[in-house]
Amino acid sequence: MLTKKLEDAINAQINKELYSAYFYLGMSAYCNSLDLDGFTNFFHVQYQEETFHGMKMYNYLLERGGHVVLSQIDTPPQDFKSPLDVFQQTLEHEKIVTKSINDLMDLALKENDHATISFLKWYVDEQVEEESTINKLVNKMRLIGDNVGGLFIIDSELKARVFTPPPTA
Ligand code: OFO
């Protein structure tokens, strides 16, 4: 049985994951307005991943006999300066999510809830992967600077990304 504290914290994290989905959907729309199909695809896949993260947590809460409480999702940013700005904001956002997942893990450890500790490990690992992927893309974007040819090469690379739910989901 989950403690009330942990239940509330998981509900708050579900909201953050769904906010993240919304955050990336807005970025996908911005990239679409620039006709950058690969960037549009990348952020659309990101949106699908975050929806998956939120639903994985939602299902876990139900599985543990918890009470799901859905709350209002904030309006995400919708004005961006450039594709580089989008990636920089993504990196900053993912750092905040990492902190939030770590805080949730700290609470699960404090409450001595082994099932939740085990469940959250997947998110801890996922954040390492996400931050690393985004960091590399920010660096690439910085390297190409104003080079339009470089932008199109990255755009074409990003077209290949597809959403694949993990087999253990
Ligand atoms: Fe981008 O991360 Fe969810 O958890």
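**Loops, helices and selected residues of the predicted model**

N112 is found in the loop between helix 3 and helix 4. In this predicted model, the residue has a positive phi of about 60° although it is not a glycine. N112 follows helix 3. With a relative accessible area of 53%, N112 is exposed, because the cut-off for that class is over 50%.

A positive phi in a residue other than glycine also occurs at D35, where the value is near 60°. D35 lies in the loop between helix 1 and helix 2. Its relative accessible area is 61%, so D35 is classed as exposed. Helix 2, in turn, is followed by G65, and the phi of G65 is positive as well, near 75°.

The lengths of two helices were compared with the expected rise along the chain. Helix 2 covers residues 37–63, and its 27 residues should span 39 Å at 1.5 Å a residue. The C-alpha atoms at the ends of helix 2 are 38 Å apart, which agrees with the expected span. For helix 3, 28 residues at 1.5 Å a residue should span 40 Å. The end C-alpha atoms of helix 3 are 41 Å apart, and this also agrees.

Helix 3 comprises residues 83–110 and contains D85. D85 is buried yet has no salt bridge. The nearest side chain of opposite charge is that of K81, 4.5 Å away, whereas a salt bridge requires a separation within 4 Å, so the pair does not qualify. The side chain of D85 nevertheless has a polar atom 2.8 Å from the backbone nitrogen of K81. This distance falls within the 3.5 Å limit for a polar contact.

Helix 4, made up of residues 114–144, includes N135. The relative accessible area of N135 is 35%, so the residue is partly exposed. N135 and T90 are separated by 45 residues in sequence, and their C-alpha atoms are 9.3 Å apart in space.

On the surface, a nonpolar patch is formed by Y22, L25 and I73. Together these residues have about 240 Å² of accessible area. Y22 is part of helix 1, which runs over residues 4–33. At 43% relative accessibility, Y22 counts as partly exposed. This value meets the accessibility criterion for a patch, because patch residues must have over 30% relative accessible area.

Methods:
Residues numbered from 1 in each chain as written. Predicted model: local features only at pLDDT ≥ 70, side-chain atom pairs only at ≥ 80, totals over all residues. Heavy atoms only, no water. Helix = DSSP H or I, 4+ residues; strand = E, 2+ residues; numbered from the N terminus. Buried < 20%, exposed > 50% of the residue type's maximum accessible area, 1.4 Å probe, protein only. Lys, Arg positive; Asp, Glu negative; His and termini not counted. Polar contact = N/O pair within 3.5 Å; in protein donor to acceptor, adjacent residues only side chain to side chain. Patch = residues over 30% accessible without salt bridge, like charges linked within 9 Å, V, L, I, M, F, W, Y side chains within 5 Å. Areas by Shrake-Rupley, 256 points an atom, 1.4 Å probe, with all protein chains shown as cover. Expected span 1.5 Å × (residues − 1).
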